[in-house]
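This briefing concerns a metal site, a DNA-contacting surface and one arginine. Please consult the sequence and the structure shown below alongside the text.

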Number of protein chains: 2
Amino acid sequence: MEQLRETLKGHHLRTTTCREDVLSAFINKKNALSHGDLEGALGESYDRVTIYRTLKTFLEKGIIHKVLDDEGLRYALCSHQCSEEKHQHDHIHFKCSICGKTNCLENLHIPNVALPQGYQPASFNLLIQGTCPECVAE
Amino acid sequence: MEQLRETLKGHHLRTTTCREDVLSAFINKKNALSHGDLEGALGESYDRVTIYRTLKTFLEKGIIHKVLDDEGLRYALCSHQCSEEKHQHDHIHFKCSICGKTNCLENLHIPNVALPQGYQPASFNLLIQGTCPECVAE
DNA sequence: AATATTATGCAACAACGTTGCATTTAATGT
DNA sequence: ACATTAAATGCAACGTTGTTGCATAATATT
Ligand SMILES: [Mn+2]
Ligand SMILES: [Mn+2]
Ligand SMILES: [Zn+2]
Ligand SMILES: [Zn+2]
């Protein structure tokens, strides 16, 4: 509870119940969330627009990052302190085709790639789709 | 021209002008295209819905594949004969932040990743964002 | 408590995508 | 060439997703 306020203040954001609740949702569910997921999780508490704006703000401040997906964008917490100035993500995302959940594999780094002459890489997104441990066990 | 018909027949599709034009667009522009891009390129020739359906059909038949993007899905030609039964893609996509174009780097394969126990990978999508050779030269 | 600044809700709108159905078109066999 | 069959198209209607402007409410600061 108090930790939420700390995180928000740490990123120079005012504490509002919507921001607390959205942040809280990201912390509790551990998988990546879409705008729709949040709308579902938070019920009628907040206007759709406010959730869009909260996501945008969190993105800009480095609280969350985008997770690419073949059926729509999702978002997940930035684990290691990203800031407004610098987002740094080189970890892998895994989407389970069975349970549908997408997770950050924080300690799995994207391997280096030797690009052809002239390409200047800046950021990387690797999504692996398949079956997650829970659904393999089934 | 005749080649287009060949490709369509090869994937057991009827030849229609819309399909020819969409396929042609993918071949001429070499970068990945969104539904909107196609709508723009083809003008008022075809109904929006028909283009959606054409994309869906091409996807199913293995003529095009999805290209993940942080601002919306795009599509690109499958170079090596994919079919309805089997899509096989392990190449890298590069999106230029300056010109905005996304391209398949067909001969750059996604490196192997040692996933933790229990994860069963099935498909891979790697998007690298940065500056493309043309825009670097500038 | 008063003030300045920021966030929210609401309404209206635009963009994107889907479905059902009547009509047109393409492929096939005669 | 023509009739038949199956598939593709256009249109209308609708649903979802995302954006913008503005008045109101809430937060942080003095
Ligand atoms: Mn992540
Ligand atoms: Mn590709
Ligand atoms: Zn799963
Ligand atoms: Zn470029």
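The points below are grouped by topic.

The model is predicted, so local features require pLDDT of at least 70 and side-chain atom pairs count only at pLDDT 80 or more, while totals for chains, interfaces and linings use all residues. Residues are numbered from 1 along each chain as its sequence is written, chains are lettered from A and ligands numbered from 1 in the order in which they are written, and side-chain values use heavy atoms, with hydrogens and water left out.

**Manganese site**

- The manganese ion (ligand 2) has as protein donors H65(B), H91(B) and H93(B), each through NE2, and C104(B) through SG, at 2.0 to 2.3 Å.
- Donors are N, O and S atoms within 2.8 Å of the metal (3.2 Å for Na, K and Ca); water is not among the atoms, so sites may look incomplete.
- The spacing of these donor residues in sequence is H-x25-H-x1-H-x10-C.
- H65(B) belongs to strand β1 (residues 64–67) and C104(B) to strand β4 (residues 102–109) of chain B, so the pair ties together parts that lie 39 residues apart in sequence.
- Helices (H or I, at least four residues) and strands (E, at least two) are DSSP runs, numbered from the N terminus.
- H65(B) is buried at 4% relative accessible area, whereas C104(B) is partly exposed at 21%.
- Buried means under 20% relative accessible area, exposed over 50%, and partly exposed in between (1.4 Å probe, protein chains only).

**Surface near DNA strand C**

- DNA strand C is surrounded by 16 residues, the closest being R14(A), R19(A), T50(A), R53(A) and R48(B); a residue is near a strand if one of its heavy atoms lies within 4 Å of it.
- Sugar or phosphate accounts for 60% of the strand C atoms within 4 Å of the protein, and bases for the rest.
- A side-chain N or O atom of R19(A) is 2.7 Å from a phosphate oxygen of strand C, and for T50(A) the corresponding distance to a phosphate oxygen is 2.7 Å.
- R14(B) places a polar side-chain atom 3.3 Å from a base nitrogen of strand C.
- Two or more residues each come from α2 (17–28) and α4 (48–61) of chain A and from α4 (48–61) of chain B; the largest share, 4 residues, is that of α4(B).

**R48(A)**

- R48(A) lies in helix α4 of chain A and is partly exposed, with 45% relative accessibility.
- Beyond neighbours within four places in sequence, R48(A) is in contact (heavy atoms within 4.5 Å) with H35(A) and E39(A).
- The C-alpha atoms of R48(A) and L38(A), 10 residues apart along the chain, are 9.4 Å apart.

Technical notes
A polar contact is a pair of N or O atoms within 3.5 Å; within protein, one must be able to donate a hydrogen and the other to accept it, and residues adjacent in sequence count only if both atoms are side-chain atoms.
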